[in-house]
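Reader: I would like a close look at the inner spaces of this protein and at the parts of the fold that go with them. Please take your time and keep the account connected.

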Amino acid sequence: MLKKDIPVVQQIKHEVLKEVAALAFDGELEQGKDDIPYKIIPGSKARFRCCVHKEREIIRQRVRLARGKSPRNSRGELKERNDNQIVYVIEEACEGCPIHRFQVTENCQGCMAKKCLEACPFGAITIAGKRAHIDQDKCRECGRCSKACPYNAIADLMRPCKRSCPVGAISMDDEKKAVIDETKCINCGACTTECPFGAMEDISCIVNVIEDMKNDREVYAVFAPSIAGQFGKDVTTGAIKNALIRLGFDGTYEVALGADWVAVHEAKEVAENIDEMGFMTTSCCPAFVAMVEKHFPKLLPHVSNTVSPMVAIGRYIKAEHPKSKVVFIGPCMAKKAESKKEWARDAIDYVITFEELAAMMDAKNIEIHEKKEKDDASGYGRGFAKSGGVYDAVCNAAKENNITLNVIPQKCNGAEECRKALMMANAGRLNENFIEGMVCQDGCIGGPGTLLSVVKTKRELDKNAKESSIKNINDSLNRLKGKEVDLKR
């Protein structure tokens, strides 16, 4: 199921998840969990770290996360489990990358201009032996020296995890280990993909999902439109549904159907409220909503009150099957946090990523086989997965339902664009009146739980959207006449 040319960190994560899933399916997880580190790291020769003992300890912490438990710290102490926190640091895996962000390299020519010296407002730059030196006690990491140097001789060595975090939630402790400030973290998962040592990881609920399937609970799977291409080129939604049923789910739905509902509801909401509110934002991306909640709280009233497509389809299934469990499958780690929200708990019980689904399927030796199934959703609903797709769907829903939208959109592609737009809005300087916020670059197709590159996923997604037999949003929803779903948060 997983490609062989993927990074080692991703391979190890897959191996751990697969072993945990296999033991859970067999009912032997408690007896066999302690053997997993020795199965993945056999023998006495280290593969990646200083010794096999450290490698196995890291695997032990990964097993804990795969079992839905927070990792222990490097002193063996249990970290307090915050139900709303999804991303954790595996301290044993953190290598304590260079702390000092700016360092003078051998490219320094000892030039006469000494622009670095002039640029530093803190007196941290000195010249000795014709070379520039940085006093790290005085340096405030403003970066002006690096920008001023004509030889690019001052290197920016910000730790990858810290650089990747769009909200400044990552810092270092006294032992140079990464620390996540949960009051700032939006659980976007960017750090999990950028840390080259795999020290940042998300907590999993695959064991809970497997246990419910084994205990004859009615369990439904709903999968995000960004699944296009994740399990092979030209793999259709019908083939995905077939594989999920064979894995043990009782039924499956495309989350894109929820997106069709959301598009219509949000079009009406925007048309009714945007003039009074001044501007509005989308609410589909949970990391974007968390960014507003934690970093721009005064803008919360401007966030759409429409639920995400995940919650919409979950509520529909719960209305049809009140005793069922609903599992969202997608590329997003922040969805795990969203499912814990008060307004989402009635709709979604568990969230797993494409990575976790691949491990579960490998554990059960499930292969993808083609099977013709009816499409659940329109191409517009499926298009929610890419940047600009939500706005396009809302506009089309408005057109189909004769709704007048007077909007000037700001389509934020990635965390930095989201942050900048929110800063402008916070300062009252936003020129647009409708923000589509997607924290992952290129939209959901760039999520941290994906298996495929963005370029390939976008190609498959566009094809999947175009080939949907349901061309319009209303055609999608008309098939469900009489089915009422509450779409308010």
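To begin with, what volume does the second largest cavity have?

Author: In this predicted model, the second largest cavity has a volume of about 160 Å³. Its lining is made up of 16 residues, and those nearest its centre are Cys108, Gly110, Cys111, Cys116 and Ala132. Sorted by class, that lining divides into 11 nonpolar, two polar and three charged residues.

This cavity is one of seven of 30 Å³ or more that the structure holds. The largest of them has a volume of about 320 Å³, and of the 26 residues that line it, Cys284, Cys285, Lys335, Phe384 and Cys444 are the closest to its centre. Helix 11 (255–277), helix 12 (286–295), helix 13 (309–320) and strand 15 (434–438) are the elements that give two or more residues to this lining. By class, the lining of the largest cavity has 21 nonpolar, four polar and one charged residues.

Strand 15 deserves a longer look, since it can be followed from this lining into a sheet. Three strands form that open sheet in the order 11-15-14, and the pairing is parallel. Strand 11 (280–281) and strand 14 (409–413) stand at the edges, each with a single partner strand, so one side of each is left without a neighbour in the sheet. Between strand 14 and strand 15 the parallel pairing runs over five bridges, and within it Cys412 has Gly437 of strand 15 as its bridge partner, while Gln410 stands opposite Ile435 in strand 15. Strand 11 and strand 15 also pair in the parallel sense, over two bridges, and here the bridge partner of Thr281 in strand 15 is Ile435.

As for its surroundings, strand 15 is mostly covered, with five of its five residues buried. In a regular strand the side chains alternate between the two faces of the sheet. In strand 15, Phe434, Glu436 and Met438 point one way and Ile435 and Gly437 the other way, and all are buried.

Just ahead of that strand comes Asn433, which lies in the loop between helix 18 (415–426) and strand 15. Asn433 counts as buried because its relative accessible area is 13%, and the cut-off for that term is under 20%. A polar atom of the Asn433 side chain lies 3.1 Å from the backbone oxygen of Asn406, and the side chain of Asn433 also reaches the backbone nitrogen of Ile408 at 2.5 Å. Leaving aside residues up to four places away in sequence, Asn433 touches Ile274, Gly278, Phe279, Met280, Asn406, Val407 and Ile408.

Another parallel pairing joins strand 12 (residues 325–330) to strand 13, over four bridges. Within this pairing, Ile329 has Ile352 of strand 13 as its bridge partner. From strand 13 (residues 350–353), Tyr350 and Ile352 point one way and Val351 and Thr353 the other way, and all are buried.

One of these residues, Thr353, leads on to Asp202, which is found in strand 8 and which touches Thr353 together with Lys13, Leu65, Ile86, Val87, Thr192, Met333, Lys336 and Glu356, not counting residues up to four places away in sequence. Asp202 is buried, with a relative accessible area of 4%. Its side chain makes a polar contact with the side chain of Lys13 (3.0 Å), and a polar contact of 2.7 Å joins the side chains of Asp202 and Lys336.

Strand 8 brings us, finally, to the open spaces. About 530 Å³ of space lies in the largest pocket, which is lined by 24 residues, with Pro7, Gln10, Thr193, Glu355 and Thr450 nearest its centre. The elements that give two or more residues to the lining of this pocket are helix 1 (8–26), helix 8 (190–194), strand 8 (200–202) and helix 19 (454–466). Helix 1 provides the largest share of that lining, three residues. By class, the pocket lining has 11 nonpolar, seven polar and six charged residues, whereas the lining of the largest cavity has one charged residue.

Key:
Residues are numbered from 1 along each chain as its sequence is written. This is a predicted model: local features need pLDDT of at least 70, side-chain atom pairs count only at pLDDT 80 or more; totals for chains, interfaces and linings use all residues. Side-chain values use heavy atoms; hydrogens and water are left out. On a 1 Å grid over the protein atoms alone, a cavity is a set of points where a 1.4 Å probe fits but cannot get out, and a pocket is an open set with protein on both sides within 12 Å along at least five of seven lines; lining residues have an atom within 4 Å of a point. Grid points are joined across faces, edges and corners, and a volume is the space filled by probe spheres set on the points. Ala, Val, Leu, Ile, Met, Phe, Trp, Tyr, Cys and Pro count as nonpolar, Asp, Glu, Lys and Arg as charged, and the others, Gly among them, as polar. Buried means under 20% relative accessible area, exposed over 50%, partly exposed in between (1.4 Å probe, protein chains only). A polar contact is a pair of N or O atoms within 3.5 Å; within protein, one must be able to donate a hydrogen and the other to accept it, and residues adjacent in sequence count only if both atoms are side-chain atoms. Contact means heavy atoms within 4.5 Å. Two strands pair if DSSP finds at least two bridges between them.
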